[in-house]
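Open the model in a viewer and keep the sequence panel visible. The stops below go from one selection to the next.

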Amino acid sequence: MTRTDLAIIGAGPAGMEAAATAREAGLSVLLIDEQPEPGGQIWRAIERNTTHRPDSLAFLGPDYAAGRARTERFRSSGAGYWPSAMVWHLDSPPEGEKTVVVAWDGVTRQVQARAVLIATGAMERPVPVPGWTLPGVMTIGAAQTLLKSSGLYPDAPLVLAGCGPLLLLFAAQCQAAGIPVAAVLDTTPPGAAMRGLPFLPQALLLGWRTLLKGHRLMRVLARSGIPVYRHVRELEAHGTEHVERVRFVSGGQPVELEATTLLLHEGVVPNPQLTRLIGCEHRWNVAQRCFHPVLSDRGETSVPSVFVAGDGGGIGGALAAEHAGRIAALEIAEELGAVNRPSGDIEIVKARDHLRAEMAVRPLLDALYPPPAWIGKLDGDVPVCRCEDVSARAVRGAAVDGAPGPNQAKAFLRAGMGPCQGRMCGLTVTEILADAHDKKPDEIGYYRIRPPIKPVTVGELAALDGPD
Amino acid sequence: MYRRLPDPRTRAVRFTFEGATLSAQDGDSVAAALLAAGIGHSRTTPKSGAARAPYCMMGVCFECLIEIDGIPNRQGCLVTVRDGMDVRRQLGAPGLPGDAVGEGSE
């Protein structure tokens, strides 16, 4: 048994900043992360790249390189740190201490904490196009992880398909690293300028730095010579054992291209597993087409003393995540009566201002790069649940057979019952059922998530750490 | 299928996949090491037996589930490859003796 004032789950921008801030306030902090190195997805392998592959910082870009100062701040904060540790349960009674249950180093350990901060970030929205289960089809984030963590990149021909800032960033990183990209299939629907216009003034006023960055990335792509297909729809991956070609419609014309790797990206959504596990209230975000936990302006969920900061609470990006992490840590320090917070209130006001400014650009981004509306309309053979090979047609059939929501569909079909526990199919099943029943996603709901939320061996269960 | 940017400062790691010795680099995840070695698929699904390879590389898709040193259902993208590791493809649903219980939520 380990005791701490604050347990933080996730070592990305929100978790690291919260850990450092809470330490400054005088709290004891334990940060638990499933990756072997701190930095989260955005700053994956930043420490190793700084020492072993300094050249990579040049093509990964300044926003990536900025992560080094962040991991240094975290490392020197005095916070406890368990890397490569799997949180598989969180017991969070409304009153009293919370228990984080962690498999670490072959043993299950229980962490008693007065407050918990969930900083588990985002995941890329699953993109269930025909052929998406073929080896060689993965997310843009997956390829970016391979590049950051291992210096690996896919052989030609490499095709990128999707919509949103990460696609532009990765295309620019490939360009800077000399990695050939055969084509970019831009799935952004026509009319972006009209959609974005109403949100432009606010974005310009407070988020001009972000807009400038986006503009730079678009210019890199435009000058790269990479063929860009616009308004792409009806994307399909084809191949027998592995992806070999992609087919799609662009400008009303069918196109077929060779591809040995197809990378998909349709934005990011909160990773819902922990907040769902503890049963906190969630709400559907219409603009981002995903659920997020309902948070107070302190960052607290509907479960007392459990907070969320960063993209896990709603998508805002790395800088917003850091501000949210700082706010949550200062609020927790206040709640726990931490000793060392001479200017806590001023700090919170400042952090809130920063967060507001960082979020100002979000409505424009949501309008420019709308999440795919076709997911809710899916039907036919396309696999929705990858683990149990459940098709869109089957999910629609379950609706006809009387399944009102995902949990009944799960009982009918086993969708969401495989190892990923619905991470890959949850949003899609909710959207299809909402469409089939002509209801709102909030009325349809989401899978109930139960522990263990990560694979645990009997050995790890048996080797439970004892009391102090 | 994959190429690697020049990396003279990183140590090589040797592990086995299905009994054959493969080379990776220090710091690679098991999933990355297999992709780098040109391994097309790392598991098959329990229901249709379809071949699968990593999709997300960040611990959410569970397509990289693999047997490492006799323990099935390990997330290959979250385990760092080590010298002498014995890695095997996970075919269908792993049997009980391997003792993984973390599957499903109902």
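Two strands count as paired if DSSP finds at least two bridges between them. Helices (H or I, at least four residues) and strands (E, at least two) are DSSP runs, numbered from the N terminus.

This is a predicted model, in which local features need pLDDT of at least 70 and side-chain atom pairs count only at pLDDT 80 or more, while totals for chains, interfaces and linings use all residues. Residues are numbered from 1 along each chain as its sequence is written, and chains are lettered from A and ligands numbered from 1 in the order in which they are written.

**Stop 1: between the chains.** Select Pro154(A) and Tyr2(B), which stand opposite each other, Tyr2(B) being in strand 1 of chain B. Extend the selection to strand 9 of chain A (residues 152-154): with strand 1 of chain B, this strand makes three bridges in the antiparallel sense. Now show the whole contact (C-beta atoms, placed from the backbone, within 7 Å). Chain A contributes 51 residues and chain B 47. On chain B, the elements that each supply at least two residues include strand 1 (2-4), helix 1 (30-36) and strand 7 (71-75). That side of chain B is made up of 22 nonpolar, 14 polar and 11 charged residues. Here Ala, Val, Leu, Ile, Met, Phe, Trp, Tyr, Cys and Pro count as nonpolar, Asp, Glu, Lys and Arg as charged, and the others, Gly among them, as polar.

**Stop 2: an open sheet.** Move to chain A and select strands 13, 14 and 15, which form an open antiparallel sheet in that order. Strand 13 (233-238) and strand 15 (253-258) are the edges, each pairing on one side only. Strand 13 is joined to strand 14 (residues 245-250) of chain A by four bridges. To see one of the partners, pick Ala237(A) and Val246(A).

**Stop 3: one side of a helix.** Which residues of helix 5 (residues 67-75) of chain A are buried? Select Gly67(A), Arg70(A) and Phe74(A); buried means that 20 or more other C-beta atoms, placed from the backbone, lie within 10 Å of a residue's own. Because they cover an arc of only 55° around the axis (taken from the directions from the helix axis to the C-beta atoms), they are on the same side of helix 5 of chain A. Their packing partners are helix 1 (13-24), helix 2 (46-52) and helix 4 (62-65) of chain A.

**Stop 4: around Leu117(A).** Finish with Leu117(A): leaving aside neighbours within four places in sequence, its contacts include Leu6(A), Ile8(A), Phe307(A) and Ile332(A).

Technical notes:
Two residues are in contact if their C-beta atoms, placed from the backbone, lie within 7 Å. A residue is buried if 20 or more other C-beta atoms lie within 10 Å of its own, exposed if 12 or fewer, and partly exposed in between; C-beta atoms are placed from the backbone.
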